[in-house]
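Trainee: Could we go through this model together, asking at each step what earns a feature its label?
Mentor: Gladly; let's have it in front of us first.

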Amino acid sequence: MSTLTLTRRRGLAAAGWIGPVVRRLGAGLVVLWVAATAAYVALLLVPGDTVDVLIADGVDTPQRRAQIITEWGLDRPIPHQYGDYLLRLLHGDLGRSYVLQRDVAEILSSQIWPTVRLALTAAAFGVVIALVLALTTAGRRSWTTGLAGFSELTAASIPPFLAGLLLLAVFSFTLGWFPVSGDRGFASLVLPALALGLQIAGALGQVLREGLERALEEPFAVTARSRGITEWRLVARHALRHALLPAVTLTGWFVGVLLGGAIVVEAVFGRPGLGQITLGAVTGKDMPVVMAVIMFAAAIYVTVSTLVDLAYLAIDPRLRRSR
Amino acid sequence: MSLIEVEDLRVTFPKAGVEAVRGVSLSIAEGECVAIVGESGSGKSVTARTLVGLTGQGATVTASRFDVRGRDARRFGPRDWRRLRGRFAGLVLQDALVSLDPLRTVGAEIAEVLAAHDVVPRAGRTEKVLELLDAVGVPEPELRAAQYPHQLSGGLRQRALIASAIAADPPLLIADEPTTALDVTVQAQILRLLAARRAEGTALLMISHDLAVVSSIADRVLVMKDGVVVEEGPTNRVLSAPERDYTRLLLAAVPSAASRGTRLSAIATGGVSLRAPLPERRIDHGSPVVEARGLTAEYGRRRVVDDVSFEVHPGETVGIVGESGSGKTTVARLVMGLMKPVAGQVWLDGSPWSGLPERERRPRRSVIQVISQNPLDSFDPRYTVGRLVAEPLGGPWKSRAARVAELLERVGLPADLAGRHPRGLSGGQRQRVAIARALAPRPRVLVCDEPVSALDVSVQAQVLDLLGEIQAADGTALIFISHDLGVVHHISDRVVVMREGRVVEDGHVDEVFFLPKHEYTKELLGAVPKLATTL
Amino acid sequence: MTVSDREPASERSDREPAVAVPPARLAADDEPGLDPVPAVPPAAPRTVPRRYGVRPGQVVALLFLAVIAVAALAPGLLSGADPLAADPLHALAPPSAQHWFGTDHLGRDVLSRVVHGAGYSLGIGAAAILFAAVLGTVLGALAGLSPRYVDEPLSRLFDVLASFPELLLAMLVISVTGPGAGNVILAIGLVQLPNYARVIRGQTFVVRRSGYVEQAVTLGLRRPTLVVRHVLPNILGPLPVLATIGMGTAIIATSGLSFLGMGPQPPDPEWGSMLAEARNYLRVAWWSVLFPGLFVTLTVVSLTAVGRRLQRRFEGRLP
């Protein structure tokens with residue numbers, strides 16, 4: 001070894017990273033395939049003729065019917081249709097919404113950014129609030145810890161749309177600090193992001209604090225203290241990494257909360273975005289859009305869970321040897 | 001000047017309602033080695049941690065005097081304590097696998113002390129870490145410094161932990177059970193390392209449950225019980241001429257060659273303790289009740305037991321000793337018929353046992369029963385003591401109560417324990433419950449897998465005595481698996497020494513232990529700390 | 001595929017957060033062939049069994065749940081008013097002696113609607129949990145007790161189900177079935193199913209490899225006896241915990257779906273649909289939002305608090 005680092009050895013292969021990464025990517029493909037299949041099965045399960053289902057409230061003309069039948073291959077046997085459908089997905093063709101008269105991919109890409117902005121801001125709020133709560137109260141047995149615990153429990157128990165309504169009532173209607181609805185600049189993002197981030201702040205805060213408290217009681221924490229380091233350093237250099245492990249496990253769940261929650265929160269605040277699209281598609285039974293949203297969610301999930309697993313490997317060296 | 005001078009130290013945990021330390025006085029001079037010995041709950045660890053201000057949350061500490069290098073520690077704030085830790089006193093806990101941060105490299109852990117006290121400038125830290133690892137006898141320091149604790153063997157880990165404790169060159173080293181989780185040969189190495197530190201002038205405060213470990217290294221010994229120092233004095237004097245009954249009891253409870261055939265849990269009275277003999281055993285040298293021939297077992301492709309043969313006669317005790325990884329527990333599983341050998345065979349009562357389908361083995365299961373190291377694991381978590389003991393008994397549940405009471409009485413437990421949950425019992429009581437359950441089907445063979453390893457020495461003595469009594473009364477054969485050579489010598493008639501799955505040596509226990517033929521047996525025996533006592 | 005699958009890391013996340021997050025307390029891959037390291041006599045201070053008195057928070061939570069349960073089973077006991085009786089003359093009246101929680105935009109008594117709504121929210125939640133727990137337990141135990149070629153696809157399926165954002169999955173189900181209470185039960189039940197299946201599967205592994213099952217083998221118990229007496233009861237151990245905490249999650253999800261108009265349809269007084277109706281009058285009648293919202297939140301908080309208490313007891317932290 002030419003250069004010695006006391007912290008971590010570089011080099012992916014040396015640390016045994018390649019195996020786990022490949023395995024997880026493979027598993028991710030399986031998830032995508034199952035999601036696509038589930039969406040397809042859902043389409044077949046909707047009562048009524050599939051052509052009618054696909055048209056839904058769209059304009060119904062004989063030409064269009066013929067077009068749909070060719071596009072989805074509805075005149076051929078189901079396994080064949082299914083194969084075609086998977087092939088089209090592989091080429092990135094998500095189909096066409098006959099209600100909105102547009103390609104689904106186009107609809108999604110035009111509406112994605114408001115939602116991503118909302119979700120990221122909410123995640124940032126949630127993580128910051130959780131970290132502050134956990135770091136300031138962990139391991140201190142006082143009334144503040146109890147109060148923080150109760151706030152987290154409450155935050156995790158309020159449905160996001162209710163949090164949105166309450167925030168609106170207080171900060172928009174009563175105090176007039178923030179706009180009531182729409183998507184105009186950061187001010188209009190604060191309340192929706194808070195409403196969405198509260199649940200994450202609550203759940204993450206609990207996990208982080210419990211993780212910190214448990215780590216601070218471990219023998220290695222006693223050893224670290226016996227070296228004369230400050231309590232803050234003990235938390236930052238030792239306990240926090242241990243507390244992050246269970247928190248990282250929840251990341252996939254958080255993404256679900258964010259995506260699902262975004263739908264309701266966008267409805268509450270009248271914001272454009274995927275939520276409105278999805279809601280409209282579900283109530284209007286616009287199946288091509290519903291199916292595409294499902295695929296989109298699955299893709300996000302696969303990406304995030306692969307990243308999470310890598311984060312795991314980065315945090316915990318004990319997992320790195322591949323079995 | 002003394003490093004530490006403490007008088008009437010009291011530590012209470014008011015919330016838990018515990019008085020852990022009740023008036024301990026202690027002084028440690030420069031370069032001195034003091035040992036605190038006691039069983040669990042004696043307050044020895046709490047005392048040691050209090051000396052560096054790490055008693056823990058919710059503890060109240062009082063003392064009429066508490067001087068650290070002449071400064072009154074009763075007035076210390078958190079910052080004063082921090083400056084002392086690592087710099088004035090290094091702390092070594094047991095089992096570095098959990099005492100070193102598993103998520104950080106060994107080198108980073110050692111460097112932390114250097115940074116906290118600014119021992120060497122930042123640029124020189126890496127070099128200093130390597131120097132320290134080298135000093136504690138870790139080969140290839142560059143490689144090891146970049147590794148994580150789980151990648152190191154138990155011995156290397158413990159050495160690394162010691163390196164981090166001595167990094168800032170403190171005049172005092174506090175070692176709390178520093179060798180307890182280690183194999184005996186590794187323990188000997190760590191003790192030599194500590195002795196070497198001492199020879200260089202570092203004072204040592206050693207906390208241990210094991211008198212023998214302490215006897216080789218300590219100048220003075222404090223014997224603690226229930227938060228009080230029972231006896232104190234020079235090591236030789238305390239071990240050879242103990243003044244207190246409790247010390248005597250502790251010494252008498254240590255199993256060894258000398259204690260064979262006698263009770264360990266002797267009751268010391270009037271300053272004299274006599275070794276009462278155990279009831280006579282009869283060994284039937286006719287046909288063996290268990291016979292293992294050429295046993296071989298594999299996990300995956302790894303061979304963990306390789307060509308192991310032995311036999312056990314009714315009434316006899318066969319000891320199986322070995323360090324961790326020697327395959328002795330796998331032998332127990334093979335004998336119990338819980339695992340299929342890839343080659344070889346076990347005969348029970350003269351007929352084949354190990355290769356059978358479970359259906360044919362089942363009716364004969366009552367012949368052979370097992371007692372394990374951690375009885376709680378072997379208890380259904382929903383069951384009460386009474387139900388656990390009643391389960392192996394046949395017949396309707398209601399009619400079993402009388403027999404349960406009888407069995408509990410036999411293992412020295414009050415009958416009203418039957419309604420309790422094992423979780424609420426002490427370790428010794430749990431092991432007695434396990435023994436009562438094992439006795440219920442009236443077995444002819446008991447397989448004991450490290451049955452006393454988790455117990456305090458006085459409780460261990462009681463359990464070993466109980467096994468002796470049972471054996472004498474029922475003529476039960478015992479297969480006794482242990483890492484502790486003293487225990488094995490005390491209880492066994494014949495012994496099998498195992499290493500890496502193979503039998504290294506076997507024969508009569510006195511022959512093997514007094515006149516070992518194999519190098520490994522010699523090494524093992526040489527590594528066992530000797531207790532020089534006249535008792 | 002996810003970290004909560006079977007990596008050792010998941011062992012450490014043995015406490016879920018308050019909301020039912022995909023829990024993962026699975027069996028560790030055992031490392032056979034190693035003799036146990038001789039255990040260490042614990043050097044802990046002598047402890048008197050700690051008294052865990054009744055915590056006031058727990059009492060409040062249980063009392064609140066009792067009130068909610070009464071409201072769900074016999075709403076007439078708590079409120080005499082008709083939850084559907086409109087009284088346009090007294091619409092949007094603030095809380096008063098006559099209407100404690102005020103009235104909504106049609107002049108209906110909010111208190112009475114909140115009380116009668118408990119039956120919908122709790123009923124839908126309980127039915128969904130029952131569905132998820134029964135089916136999840138059967139599938140989880142099947143996966144855990146079966147050979148690898150059955151276990152593997154099943155647990156992949158659980159993973160995929162668990163991986164979908166729950167609200168989206170529920171909406172997919174409703175886009176097929178249409179709105180309504182029964183469909184919401186099906187949707188939420190399906191969403192929660194993998195929680196149960198995965199925990200039960202993991203628990204099956206733990207119990208199968210446990211010392212007490214091995215011990216039972218050495219006692220010569222026949223396999224059916226062994227499974228009925230030792231395996232099944234211990235596998236089912238975590239169910240009360242999961243169900244209590246899961247009930248909270250289900251109530252949140254139900255209210256969310258109803259809020260979006262996919263649950264019980266107006267004029268049924270379900271809490272979520274009450275909120276959906278009331279949001280348009282948020283500016284003038286805060287009470288018609290606050291009280292249903294308060295009850296949703298307090299019910300979930302109480303369920304979670306009680307569930308966590310059960311969890312601690314199950315994990316052996318309490319006597």
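**Labels and the reasons behind them**

Mentor: Chain B is divided into domain 1 (2-225) and domain 2 (316-339 + 359-526). Keep in mind that this is a predicted model.

Trainee: How far apart do the C-alpha centres of domain 1 and domain 2 of chain B lie?

Mentor: Those centres lie 35 Å apart. The contact between the domains takes six residues from domain 1 of chain B and eight residues from domain 2 of chain B. Contact here requires C-beta atoms within 7 Å.

Trainee: Which residues touch the most other members of the largest nonpolar core?

Mentor: Ile479(B) and Ala170(C) do, in a core of 341 residues. Helix H8 (residues 187-216) of chain A gives the most to this core, with 16 residues.

Trainee: Why is the core said to lie between domain 1 and domain 2 of chain B?

Mentor: Domain 1 (2-225) and domain 2 (316-339 + 359-526) of chain B both give residues to the core, so the core lies between them.

Trainee: Leaving aside neighbours within four places in sequence, what is Ala170(C) in contact with?

Mentor: Ala170(C) is in contact with Ala187(C), Ile188(C), Val191(C), Ala253(C) and Leu257(C).

Trainee: What makes S13-S12-S15-S16 of chain B an open sheet, and which are the edge strands?

Mentor: Four strands form that sheet in the order S13-S12-S15-S16, with antiparallel pairing. Strand S13 (302-312) and strand S16 (351-352) of chain B each pair on one side only, and these are the edge strands.

Trainee: How do you know that S12 and S15 of chain B pair?

Mentor: Pairing needs at least two bridges. Strand S12 (residues 290-299) and strand S15 (residues 343-348) of chain B have five bridges, in the antiparallel sense, and they therefore count as paired. Thr296(B) has Ala343(B) of S15(B) as its bridge partner, while Arg293(B) stands opposite Gln345(B).

Trainee: And how many bridges join S15(B) to S16(B)?

Mentor: Two bridges join these antiparallel strands, so the requirement of at least two is met. Trp347(B) stands opposite Pro352(B) in S16(B). The hairpin of S15(B) and S16(B) has two residues between the strands, and Asp349(B) takes a positive phi near 55 degrees there.

Trainee: Which helix lies across S12, S13 and S15 of chain B?

Mentor: Helix H12 (residues 328-336) of chain B does, running at about 120 degrees to S12(B).

Trainee: What makes both faces of strand S17 of chain B count as covered?

Mentor: A residue is buried if 20 or more other C-beta atoms lie within 10 Å of its own. In strand S17 (residues 368-371) of chain B, Ile368(B) and Val370(B) on one side and Gln369(B) and Ile371(B) on the other are all buried, and both faces are covered. S17(B) runs parallel to strand S18 (residues 445-449) of chain B, joined by four bridges, and Ile371(B) stands opposite Cys448(B).

Trainee: Why is Asp510(B) called partly exposed?

Mentor: Asp510(B) has 15 C-beta neighbours inside 10 Å. Buried would need 20 or more, and exposed 12 or fewer, so Asp510(B) counts as partly exposed. Its place is in helix H19 (residues 509-514) of chain B.

Trainee: How many residues of chain B are in contact with chain A?

Mentor: 32 residues of chain B are in contact with 27 residues of chain A. Among the helices that each supply at least two residues of this side of chain B are H2 (78-84) and H5 (125-135). H4(B) gives the largest share of the side, six residues.

Trainee: What does chain A contain, and how much of chain A is buried?

Mentor: Chain A has 13 helices and two strands, and buried residues make up 46% of its 323 residues.

Trainee: Last, which residues of chain C carry the "transmembrane region" annotation?

Mentor: The unreviewed UniProt entry gives that annotation to residues 59-78, 120-145, 180-200, 239-264 and 284-307 of chain C. In the model, residues 59-78 are 95% helix, with end C-alpha atoms 20 Å apart. Residues 120-145 are 100% helix, with end C-alpha atoms 37 Å apart.

Note on methods:
Residues numbered from 1 in each chain as written. Chains lettered and ligands numbered in written order. Predicted model: local features only at pLDDT ≥ 70, side-chain atom pairs only at ≥ 80, totals over all residues. UniProt positions renumbered as here; feature names shortened; annotations may be inferred. Core = buried A, V, L, I, M, F, W, Y, C linked by C-beta atoms within 7 Å. Domains from an automatic or database assignment. Contact = placed C-beta atoms within 7 Å. Axes fitted to C-alpha atoms, helices over the stretch in contact; angles between N-to-C directions.
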